[in-house]
Amino acid sequence: MSDGKIENEQAETKYKYSFEYIQKKLEGKKDSFGKLMKEIIRTGICTECGTCAAVCPVLEWDPIAAQPKLIGKCTGCGICYNQCPRTITDPVQLIGEFKTGYVSNTNIPEVIGGQDGGTVTSLLCYLFDEHLIDAAIVTMKNPKKPWYPTAQIITTKEDAIKASGSIYTHSQTVDALMEAIRRDYRSIAFVGTPCNINAVDKMMNSPSGMLRYFMRANILKIGLFCMDSFAPESLYPMFEKDGIDLSKIVKMDINKGKFHLYENLDGEPVKSYSISSLHKYKSSSCNFCTDLTAENADISVGSVGSGNKRNTVFARTGIGAEIMEDAAKKGYLIIEPYTAINLNAVLNLAKLKKVSKYNIQKRKVFIVRDADEEEEMKIKSGPVSEQTKIIMDTRTPFSVKKELNETEKKLNLNVTNTSGFTLENLQFRIATIDDMFESNPWVTTIKELFPYEEVEINYPIEKLEGSVLFEAYSKDFGKIYSKSLKFAPKKE
Ligand SMILES: Cc1cc2nc3c(=O)[nH]c(=O)nc-3n(C[C@H](O)[C@H](O)[C@H](O)COP(=O)(O)OP(=O)(O)OC[C@H]3O[C@@H](n4cnc5c(N)ncnc54)[C@H](O)[C@@H]3O)c2cc1C
Ligand code: SF4
Ligand code: SF4
Ligand code: SF4
């Protein structure tokens, strides 16, 4: 045998060995080429590095499609997925660093309204009893507007118990924190969603952070896991339309892909919605959020990964771990060790969140219509509800930019959805206004327009100076926009 052949065979054996070794390591992980296609290639974030094709015997690089191509049977071993520079496979990248984890629940009989295991409320009770804090920032229901959040400074454990439970909306907790510091509270527990925790962390640690040099206080950051929150101005009216009396609801809960509403803490939900059906009510910022587990908190608390009425807890800092251990020792919490957490469940959800932003493509919809096309030339307008008026008085649903294309005799309108949520079954109508009469009306329907998604309309005009009427009608909100837009050639 020639030396070259031996070397080749050795290299082949080494390659086969490492392929099989990693295959074993990844067993049961369910990563596959399909996942690589879905998360990386179809979302357009593939760097075309070709690594996936280079490591797999049944993949080759397709230079025309500029993507890997299967040329044999995929075993679903996940090797390609785990080499790709764009996938997230390291647990630390998914849930951040932590010292130790627990499954925990309250050991305080008064904590009956805890969202899951009542861990956060019990920790606050412990911190007040032990005089470790002089105030805490929590989020309570606004007494005048059921289920609207109000961030509060509290100073007693009784108020901590009253504040228990989750409100699935944004809450301006940092404003309450600043107020507490101004009032000279110096040891403060701050409870917040990951975005709130990140704000405080930045204020405490970034070179130009307000809480780093000025207004100093000891702040214990208790982070809540968070997959998404909703815009109350649109979600709650929908609930009400569905016959729900929000003042009677005592608990809202997201569990296994469903949003449940309860009138009784121990009873069955009075109404449940699939989370996917509520997507359009999601706060727009949550579409771009990648932190599930409050990676910058001292203690992060959630429900995924632990059973019913229990919490998954990550103590990330030394002080966080000490507090958890001492609260359990002093009888405020019942804790089980890290191994009790179903870590895969947490990692899978964290992954879903890290990659979700890849699915948001800033689409641009072009509408280039022939004005002679036969279509319904009037948009359906129904009565506008009181709620619509409130929403549309407080939000600008669209940003409309116009540009005159003198050569092509077209008025280009760039319409961006600035409402903050997905608008479904939208109808846009444009018509030329000539001496108070309308002519050349265009009507077009758009199935869904994501937050900040843009539509470009190229509307033909007869004269280079004049005005058009632009109107929008939404299935959910009725007529939501009507504006007359003047146009004229630019002056030299
Ligand atoms: C918007 C949102 C989304 C969430 N999504 C998930 C998820 O996808 N997966 C998961 O495992 N867990 C999620 N959680 C966390 C979960 O709902 C519980 O808050 C967490 O498990 C702690 O439970 P607990 O029983 O210890 O809470 P409790 O003892 O009841 O204490 C909850 C504390 O949270 C505070 N709070 C309530 N609403 C807010 C708010 N909007 N902003 C800031 N603070 C608030 C309350 O003041 C209270 O102090 C979410 C929470 C929120 C607020
Ligand atoms: S067989 Fe190849 S394509 Fe299929 S998962 Fe394994 S490495 Fe990827
Ligand atoms: S390894 Fe990932 S980034 Fe590289 S070509 Fe394959 S899919 Fe694209
Ligand atoms: S999903 Fe992100 S941005 Fe939205 S509330 Fe939760 S932590 Fe904040």
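Okay, quick vocabulary first: Ala, Val, Leu, Ile, Met, Phe, Trp, Tyr, Cys and Pro count as nonpolar, Asp, Glu, Lys and Arg as charged, and the others, Gly among them, as polar. Now, this is a predicted model, where local features need pLDDT of at least 70 and side-chain atom pairs count only at pLDDT 80 or more, while totals for chains, interfaces and linings use all residues. Residues are numbered from 1 along each chain as its sequence is written, and chains are lettered from A and ligands numbered from 1 in the order in which they are written.

So, ligand 2. Its shell (C-beta, placed from the backbone, within 6 Å of the molecule) includes Ser32, Phe33, Cys56, Cys74, Cys77 and Cys80. The split there is eight nonpolar, four polar and no charged.

Next, the sheet. It's open, with eight strands ordered β5-β4-β6-β7-β11-β12-β3-β13 and mixed pairing. Strands here are DSSP E runs of at least two residues, helices are H or I runs of at least four, both numbered from the N terminus, and two strands pair if DSSP finds at least two bridges between them. β5 (149-154) and β13 (333-337) sit at the edges with a single partner strand each, so one side of each has no neighbour in the sheet. β7 (218-224) and β11 (299-302) run parallel, joined by three bridges, and Leu224 has Val301 as its bridge partner in β11.

Last, two odd backbones. Glu48, not a glycine, has a positive phi of about 60°, in the loop between α2 (33-41) and α3 (51-55). His131 also has a positive phi, near 55°, and lies in the loop between α6 (119-129) and β4 (135-141).
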